[in-house]
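Work through these exercises with the structure open beside you. Try each task before you read its solution.

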Amino acid sequence: MSVQTQTKRLTLRDLQGLREQAEPIASLTAYDATQARLLDEAGVDVVLVGDSLGMVVLGHDTTIPVTVDDMIYHTRAVSRGLSRALLMADMPFMSYASVDQAVTTAARLMQEGGAQVVKLEGDAQQVAVVSALSHHGIPVCAHLGLRPQSVHKLGGYRVQGRAAPEAERMLKDAMALEEAGADILLLECVPSKLAAEIRSMARIPVIGIGAGADCDGQILVLQDVLGMTARAPRFSHNFLVGQNSIQDALAAYVWAVKRREFPTAEHAFSS
């Protein structure tokens, strides 16, 4: 598989173009410069410095202990390894509990970390925060469905939106967040049918993780793609199997997403 040679950094406008051209957006997480360079070379479109680093890098049971300083440190490292992919960073637990706090956190992730987009978990209750960030020129990805920062409130890592009232509420939340200024929607562990409905109504890119094949793009945790986690989630796949190197595995992931060969029905959830 060929190595990606483009050096111009992708932008939100590029992602919107991929959506309009019906070319799937390939996304992965990364936590250091070496990982970032390998993802860039493989042709990954969006690199997310996720607060998942709390679990896959720092050894915590949840993402909740991750701090803003943790996120800035890892985002800055990843930014040094990228020349093409758009860089997105998570706003960690309780770092956007108010509008002022959210603006401060997002500003630090961009100024000190080099992020181009910030991602926050939430529903329509985050409309004011998203609106304020957008007003200040800060690109935002709104994360719906399974929200790891709310794992204790949700009662565990469970599929969200299976019941009709919950699905209807999530659809309304997605539209409200887009209207407030969100530039990307990320859906995690959402029934495929609901994800497809949200995607059909949205005007911005919709990226899925465990949300079926009808999203505009897919994202996975890097360690899951490389078979490094003890118990990989159902929606992931070990792309290192059958490959000769990590580079080949990453290229295989991008290839599979771009050709709509991943995810398959076995990686999705029903209502």
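**Exercise 1.** Describe the lining of the second largest cavity by residue class.

*Solution.* Keep in mind that this is a predicted model.
Step 1. Take the classes. The lining of the second largest cavity has six nonpolar, four polar and no charged residues.
Step 2. Put names to them. Gly210, Ala211, Gly212, Gln218, Ile219, Leu220, Phe235, Phe262, Pro263 and His267 line this cavity.
Step 3. Sort the names. Ala, Ile, Leu, Phe and Pro count as nonpolar, while Gly counts as polar.
Step 4. Add the volume. The second largest cavity has about 40 Å³.

**Exercise 2.** How many cavities of 30 Å³ or more does a search of the whole structure find? Describe the largest cavity too.

*Solution.* Step 1. Recall the idea behind such a search. Rolling a probe the size of a water molecule over the atoms shows where empty space is left.
Step 2. Give the count. The search finds two cavities of 30 Å³ or more.
Step 3. Give the volume. The largest cavity fills about 60 Å³.
Step 4. Name the lining. Pro24, Ala213, Cys215, Asp216, Gly217, Gln218, Val257, Arg260, Phe262 and Pro263 line the largest cavity.
Step 5. Class the lining. Six residues are nonpolar, two are polar and two are charged. Asp and Arg are among the types that count as charged.
Step 6. Look at Gln218. This residue lines the largest cavity, and Gln218 also lines the second largest.

**Exercise 3.** Place strand S7 among its neighbours: which strands pair with S7, and in what sense?

*Solution.* Step 1. Find S7 at residues 206–209.
Step 2. Check one neighbour. Strand S6, residues 184–188, runs parallel to S7, and four bridges join them. Leu187 has Gly208 of S7 as its bridge partner.
Step 3. Follow the chain. From S6 the path goes through helix H9, residues 192–201, to S7. This β-α-β crossover is right-handed.
Step 4. Check the other neighbour. S7 pairs with strand S8, residues 217–220, in the parallel sense over two bridges. Here Gly208 stands opposite Gln218.
Step 5. Inspect the faces of S7. Val206 and Gly208 are buried on one side, and Ile207 and Ile209 are buried on the other. Both faces are covered.

**Exercise 4.** Is His143 buried or exposed? Which side chain does His143 contact?

*Solution.* Step 1. Locate His143 in strand S5, residues 140–145.
Step 2. Apply the cut-off. Buried means under 20% relative accessible area. His143 counts as buried because its relative accessibility is 3%.
Step 3. Find the partner. The side chains of His143 and Glu188 make a polar contact of 3.0 Å.

How values were computed:
Residues numbered from 1 in each chain as written. Predicted model: local features only at pLDDT ≥ 70, side-chain atom pairs only at ≥ 80, totals over all residues. Heavy atoms only, no water. 1 Å grid on protein atoms, 1.4 Å probe; cavity = no way out; pocket = protein on both sides within 12 Å on 5 of 7 lines; lining within 4 Å. Points joined across faces, edges and corners; volume = space filled by probe spheres on them. Buried < 20%, exposed > 50% of the residue type's maximum accessible area, 1.4 Å probe, protein only. Pairing = 2+ DSSP bridges. Right-handed = clockwise from strand over helix to strand, strands pointing away. Polar contact = N/O pair within 3.5 Å; in protein donor to acceptor, adjacent residues only side chain to side chain.
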